[in-house]
Amino acid sequence: MKKYFFILLVFVIAFGFSTFAQNMIGNSDFTQSLYVPASIPSDGNIFTNHNWSFLVNATGGGTATSGNGYFEAVFYDAGSNSWAEQLLQSPITLDHGSIYKVSFMAKSSISRNVEVKIGGTAGLGWPAYNPGNGMAGGMTFQLGNEWKTYEFTFTMYKPTDEHARFEFELGLATGTVWIKNVSLEKAGEMESKSETQIATSTLTDVKGWNLIFDQDFSVATSIDKNVWNFDLGNGQNGWGNNELEYYTDRNAYIQNGNLIIEAKKETKSDKNGTYDYTSSRMLTMGKFSFEYGKVVIEAKLPQGQGIWPAFWMLGDNINQVGWPACGEIDIMEMLGNNSAKVYGTAHGPISGGVGIGQSYTLPSGTFSDSYHTFTFIWNKDAMGWYVDGHLYFFLTKSYVEANYGPQDWVYDHPFFLIINLAVGGNWPGNPNSSTVFPQKMYIKYIKVYQAQN
């Protein structure tokens, strides 16, 4: 019997201006002084007392005032990212399925970009609910030296968030910025409703599979540099996850019919710092990518608190559009403190750091005891994640577009492969006294097929 997934599509939009026209922003006209919070919690659940707060992190510098009908900030250090200086209001409540209209006036002493992000906190992966091409994931606007009104609408495709944040990201340029008349109003609701059904067999009903990428490590004597690159270092920020390892090109090697990636407890230093662990991250960027197909890897995984093996893909347009607009597909991730469970996840502009995914737990044993196969199949309509031939997560384009927005299906273009063994980070946590080193990930083969039809 075929399995069907019944998906509710939501596309019709109704605007009711008389019903919703109420500004949700406090001190929207900047007649009050800025609010200074007693502390800044690491989870981002900051309370600004229905007012605005001006926050500066370690890479930026500036001063700001409010009270004369506008916000004025003077920046003497641009900072290294858009959120080096922020004008922030939180919490605001955004309802799932609602459409919001944002409006503000702004100008600058010099031509510069300002990013506007309405999004979630650390526990949600800092997603932007109004996705754009900004460094924080929000929408970017170019300011000139004359007052101008900027407006946009967005739909809250994510679940209702009672702790959402409204942020002006003001970093990356010096000079002076003025902002006034900020408005966030509910402008409508998504309405109804049609139904789509997609069979899981859409992934496997093909005439046959053509092998287009074959890395069989049982017959290899060395890593093929025509296929693989190595990321080196710590990414200056733990590759965006606060990971602890320093990646080298010597922690991966061929031995006894396997590609082995080895995480070691050893000291490594560079101009950015000193690191207590080394490992390797290999990728095919610029050498091999593909659009749609089947990926199969057979591997035995390491284990231990803070150990994080992964096999995944990124869109090969990442240098043009950035992450997560390029798309990320995590074929297999495992947290070493539970080596019986693996995760499959898709990331896009709205799903962002949280992603859309499921996990699979072995009925007995662990992924560290023996080899298992991890398969991912992907076409223009759906994706499927398998362990040892068992489909445990089925994701369709229509589901993503209905629940996260049409802009979040960013998988209709080529992707390249990545395999790595991380140590520490926001998700797995750091190693502790129970973690044994070295840890090794063993890979027998990686194969990619494309459907004949």
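This passage walks through the cores, strands, loops and one pocket of a predicted model.

A good place to begin is the nonpolar interior. The largest nonpolar core is made up of 55 residues, and M313, M383, L417, I419 and I446 have the most contacts inside it. Strand 29, which covers residues 415-423, gives the most to this core, contributing five residues. A second core lies apart from the largest one; it has 33 residues, including L34, F71, L94 and A164.

I446 offers a useful view of the largest core. When neighbours within four places in sequence are left aside, I446 is in contact with F213, D214, Q215, F217, W228, V296, I297, F311, L417 and I419. Two of these partners, L417 and I419, are themselves named among the residues with the most contacts inside the core.

Another of the partners of I446, F311, leads to a group of paired strands. F311 stands opposite M332 in strand 23. Strand 22 (residues 307-315) pairs with strand 23 in the antiparallel sense, over five bridges. On strand 23 there is also antiparallel pairing with strand 24 (residues 341-347), this time over four bridges, and here D330 stands opposite T345. Strand 23 itself spans residues 328-333 and is mostly covered, with six of its six residues buried.

Strand 7 (residues 98-108) can be read in a similar way. Ten of its eleven residues are buried, so the strand counts as mostly covered, burial being under 20% relative accessible area. Ten bridges link strand 7 with strand 12 (residues 175-190) in the antiparallel sense, and K101 stands opposite E185 in strand 12. Strand 10 (residues 148-155) also runs antiparallel to strand 7, joined to it by eight bridges, with A106 opposite K148.

Two loop residues may be set side by side. D95 is found in the loop between strand 6 (85-94) and strand 7. D95 counts as partly exposed because its relative accessibility is 24%, and the partly exposed class runs between 20% and 50%. Beyond its neighbours within four places in sequence, D95 is in contact with Y100, M156, T160 and K186. Its C-alpha atom is separated by 44 Å from that of T274, which is 179 residues away along the chain. T248, for its part, lies in the loop between strand 16 (245-247) and strand 17 (252-255). Is T248 buried or exposed? T248 is buried because its relative accessible area is 5%, and buried means under 20%. Leaving aside neighbours within four places in sequence, the contacts of T248 are F230, L232, T278, S279 and S280.

Helix 4 takes in residues 397-404, and its buried residues are S398, V400, E401, A402 and Y404. Just after helix 4 comes G405, which takes a positive phi of about 110°.

The passage ends with open space. Rolling a probe the size of a water molecule over the atoms shows where empty space is left. The second largest pocket has a volume of about 230 Å³. Of the 13 residues that line this pocket, T202, V206, N379, A451 and N453 lie nearest its centre. Which kinds of residue form the lining of the second largest pocket? Seven are nonpolar, four are polar and two are charged.

Conventions
Residues numbered from 1 in each chain as written. Predicted model: local features only at pLDDT ≥ 70, side-chain atom pairs only at ≥ 80, totals over all residues. Heavy atoms only, no water. Core = buried A, V, L, I, M, F, W, Y, C linked by side-chain atoms within 4.5 Å. Buried < 20%, exposed > 50% of the residue type's maximum accessible area, 1.4 Å probe, protein only. Contact = heavy atoms within 4.5 Å. 1 Å grid on protein atoms, 1.4 Å probe; cavity = no way out; pocket = protein on both sides within 12 Å on 5 of 7 lines; lining within 4 Å. Points joined across faces, edges and corners; volume = space filled by probe spheres on them. Nonpolar A, V, L, I, M, F, W, Y, C, P; charged D, E, K, R; others polar. Pairing = 2+ DSSP bridges.
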